[in-house]
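Here are some short exercises on how helices and strands meet in one chain. Have the viewer ready and work through them at your own pace.

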Amino acid sequence: MTSSLKTIGRVSKQTGVNIETIRYYEKIGLVDAPLRSEGGNRLFDGENIRRLNFIKRSRELGFSLEEIRALLQLSSSNSKDCRAAQKIANAHLEIVRSKISDLQQLAEVLDNLSAKCDPSAPDECPILHSLNEHN
């Protein structure tokens with residue numbers, strides 16, 4: 001094996017991407033099928049590693065696999081279409097903002113329930129009452 005090619009275990013350690021996840025990304029086409037050794041082991045080159053790092057960073061930012069697929073296509077095209085990448089990022093940002101809003105509302109509801117709690121009256125727990133309510 002040449003020094004520029006790495007086994008899946010080494011690539012996993014280098015990128016921080018789980019071995020099974022690397023195999024999954026290969027299966028769904030996010031990562032090109034790597035070369036194989038005579039024994040059938042996967043041998044990854046620098047481009048495979050670059051893509052895995054790109055995917056990992058994209059996942060850390062919460063992009064979906066389909067969004068990542070589109071971003072990878074933009075990244076590997078000659079045009080490097082920033083406007084298209086911005087459109088994907090802005091759509092994702094709207095989803096993130098919506099989730100933040102939902103979580104803030106959830107925190108407010110839980111805060112209100114918790115504030116109504118009186119541990120000295122165990123038969124009147126507003127949290128348990130709220131969870132038992134059927135709408």
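**Exercise 1.** Find the handedness of the crossing of α3 and α4, then describe the contact.

Step 1. α3 and α4 cross in a right-handed way (the near helix is turned clockwise from the far one by less than a right angle). Helices here are DSSP runs of H or I with at least four residues, and strands are runs of E with at least two, numbered from the N terminus.

Step 2. On α3 the contact (heavy atoms within 4.5 Å) uses R50, R51, F54, I55, S58 and R59, while α4 brings L65, I68, L71, L72, S75 and S76.

Step 3. Sort these residues: 6 are nonpolar, 3 polar and 3 charged. Nonpolar covers Ala, Val, Leu, Ile, Met, Phe, Trp, Tyr, Cys and Pro, charged covers Asp, Glu, Lys and Arg, and polar covers the others, Gly among them.

A note on the source: this is a predicted model, in which local features need pLDDT of at least 70, side-chain atom pairs count only at pLDDT 80 or more, and totals for chains, interfaces and linings use all residues. Residues are numbered from 1 along each chain as its sequence is written, and side-chain values use heavy atoms, leaving out hydrogens and water.

**Exercise 2.** Work out which strands stand at the edges of the sheet.

Step 1. The open sheet has 3 strands in the order β1-β3-β2, paired antiparallel (a pair needs at least two DSSP bridges).

Step 2. β1 (6-7) and β2 (35-36) each have a single partner strand, so they stand at the edges.

Step 3. For β2 and β3 (residues 42-44), look for 2 bridges; L35 has L43 as its bridge partner in β3.
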